[in-house]
Amino acid sequence: MTDDMGTSASLRMHEAWQGKVEVVSRVRLDDPETLAIAYTPGVAEPCLEISRDPEECWRYTRRGNLVAVITDGSAVLGLGDIGPVAGMPVMEGKCALFKAFADIDAFPLCVDTHDVDEIVRCVQLISSSFGGINLEDIAAPRCFEIERRLKEVCDIPVFHDDQHGTAVVTCAALRNACRVTGRDISQVRVVISGAGAAGASIANLMLRMGVTDITLSDIDGVVYAGRPGLSGMLAQLAERTNPRDLRGTLADAMVDADVFVGVSAPGIVSRDMVRSMHAEPIVFSMANPVPEIMPDEALAAGAAIVATGRSDYPNQINNLLAFPGIFKGALAVRARDITQDMLVAAADAIAGLVGDDAKRDLIIPSPFDERVVPAVSSAVMACARETGQARR
């Protein structure tokens, strides 16, 4: 990303853009009559209607198309805890994606605290201005508690994209990878490297989709029930995964596995580890920018299908396939929550866009496929209505 003068193209463009989002009025205030209706004295009428019935805000304001993108800057992309101010370019970028791909108005809010109580209270107090909350780049395990508590106190959808967006696209890719390799998704053995926000959510959603044999591994090795030091979400997952009660290292867990999913660290998987897996293994190495094993290495070791988080290889696992359509569908029906069932519906919709055309280097559609957002939003809307989450 550098030009011949050594100046970063990204820095030059960000300086030129001076931010990636702006506020644009939906009203042409070019005559006294319109001004009087849009502001004083005319604006008093919708204010009074909303004061009599707060639900009228959905009719008279933009709330139904507004999403707050919120971070504490503690896990920004692959940069780690760089703080909320430094995370602002990423949050602006996320808002730009919401608008470009789903025509949703999103606003970046960078909160200068790591205190769970303060973050929850802050978001709760501003939630009546928005139709949905997108949590972004908040480190585990704090992110689990923040999301759980916000779901309890907010009556609008709260969604942590680093967890659930990644899980949805991974599960969509797994559906088609199993199709291509002739596997039954309920019978595959899955090993997940990385037990943070993304790994935990992937495991939970795979369980929801019928995968029965999942083993997680983190920096301390295989996760198993009763392992010292486990707490919170990971302790709960340990009770629901690793049915073989495996112990040891990631390499130990990968022996005879059908699927490897990496959301952890670069270069930690070798060719020999891939060779130890079941014949024609599925390898999703998604650490970014350097995956757990490079695609050519995995393929040389016998992998049948390889996916990464990178755009320069086939089968990119990209959250952009998920969150615009998920929010568009949830907002359209004023869903109370974005549930696991809605996430499964989204994953199935993404997988279905490839369907019978699936092949080893095409298991998920491109984020630029114009069918993605309508398909995902329709699936989410239908699921919300079927499960009683819709309010219209």
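Leaving aside neighbours within four places in sequence, which residues is asparagine 318 in contact with? In this predicted model, the partners of asparagine 318 outside that stretch of sequence are Val169 and Pro367. The residue itself sits in the loop that runs between strand 10 (305-308) and helix 14 (323-332). It makes a convenient starting point, since the UniProt record gives asparagine 318 a label.

According to UniProt, in an unreviewed entry, the feature "binding site" falls at Asn288 and Asn318. These two positions are spread over 31 residues of sequence, yet they cluster in space, with a largest C-alpha distance of 11.2 Å. Both Asn288 and Asn318 belong to the lining of the largest pocket. Asparagine 288, like its partner in the record, is a loop residue: its loop connects strand 9 (282-285) with helix 13 (295-300). Once neighbours within four places in sequence are set aside, asparagine 288 is in contact with Gly309 and Arg310. Is asparagine 288 buried, partly exposed or exposed? Its relative accessibility is 45%, and asparagine 288 therefore counts as partly exposed.

The pocket that takes in these two residues deserves a closer look. About 1,500 Å³ of space lies in the largest pocket. Its lining is made up of 46 residues, and those closest to the centre are Leu77, Gly78, Asp137, Asp162 and Asn288. One of the two "binding site" positions, Asn288, is thus found in that central group. Three elements give two or more residues to this lining, namely helix 5 (88-102), helix 8 (161-181) and helix 9 (197-208). Helix 5 provides the largest share, with 5 residues. By class, the lining comprises 22 nonpolar, 16 polar and 8 charged residues.

A second UniProt feature also leads to this pocket. For "active site", again from an unreviewed entry, the record lists Tyr39 and Lys94. This pair is spread over 56 residues of sequence and is spread in space as well, with up to 30.7 Å between C-alpha atoms. From this set, Lys94 is part of the lining of the largest pocket. Lysine 94 is located in helix 5, the element with the largest share of that lining. What does lysine 94 touch, not counting residues up to four places away in sequence? The answer is Val69, Asn134, Glu136, Asp161 and Phe323.

The two "active site" positions also contrast in their exposure. Lysine 94 has a relative accessible area of 6%, under the 20% cut-off, so lysine 94 counts as buried. Tyrosine 39, at 58% relative accessibility, is over the 50% cut-off and therefore counts as exposed. Tyrosine 39 is placed in the loop between helix 2 (32-38) and helix 3 (44-52).

Attention can now turn to the second largest pocket, which holds about 730 Å³ of space. Of its 30 lining residues, Phe144, Gln163, Ala200, Asn204 and Met233 are the closest to the centre. At least two residues of the lining come from each of helix 7 (142-153), helix 8, helix 9, helix 10 (232-240) and helix 15 (340-352). The largest share here, 5 residues, belongs to helix 7. Helix 8 and helix 9 appear in this list and also among the contributors to the largest pocket. In terms of class, the lining of the second largest pocket divides into 11 nonpolar, 11 polar and 8 charged residues.

How many cavities of 30 Å³ or more does a search of the whole structure find? The search gives 1, and about 40 Å³ of space lies in the largest cavity. Its lining consists of Trp58, Gly131, Ile156, Pro157, Ala330, Leu331, Arg334, Ala335 and Arg391. These residues comprise 6 nonpolar, 1 polar and 2 charged.

Finally, the strands that border the two "binding site" loops belong to a sheet. Here 6 strands form an open sheet with mixed pairing, in the order 7-6-5-8-9-10. Strand 7 (221-222) and strand 10 are at the edges and have a single partner strand each, so one side of each lacks a neighbour in the sheet. Further in, strand 8 (residues 259-262) pairs with strand 9 in the parallel sense over 4 bridges. In one of these pairings, valine 259 has isoleucine 282 of strand 9 as its bridge partner.

Terms used. Residues are numbered from 1 along each chain as its sequence is written. This is a predicted model: local features need pLDDT of at least 70, side-chain atom pairs count only at pLDDT 80 or more; totals for chains, interfaces and linings use all residues. Side-chain values use heavy atoms; hydrogens and water are left out. UniProt positions are given in the numbering used here, feature names are shortened, and annotations may be inferred rather than shown by experiment. On a 1 Å grid over the protein atoms alone, a cavity is a set of points where a 1.4 Å probe fits but cannot get out, and a pocket is an open set with protein on both sides within 12 Å along at least five of seven lines; lining residues have an atom within 4 Å of a point. Buried means under 20% relative accessible area, exposed over 50%, partly exposed in between (1.4 Å probe, protein chains only). Contact means heavy atoms within 4.5 Å. Grid points are joined across faces, edges and corners, and a volume is the space filled by probe spheres set on the points. Ala, Val, Leu, Ile, Met, Phe, Trp, Tyr, Cys and Pro count as nonpolar, Asp, Glu, Lys and Arg as charged, and the others, Gly among them, as polar. Two strands pair if DSSP finds at least two bridges between them.
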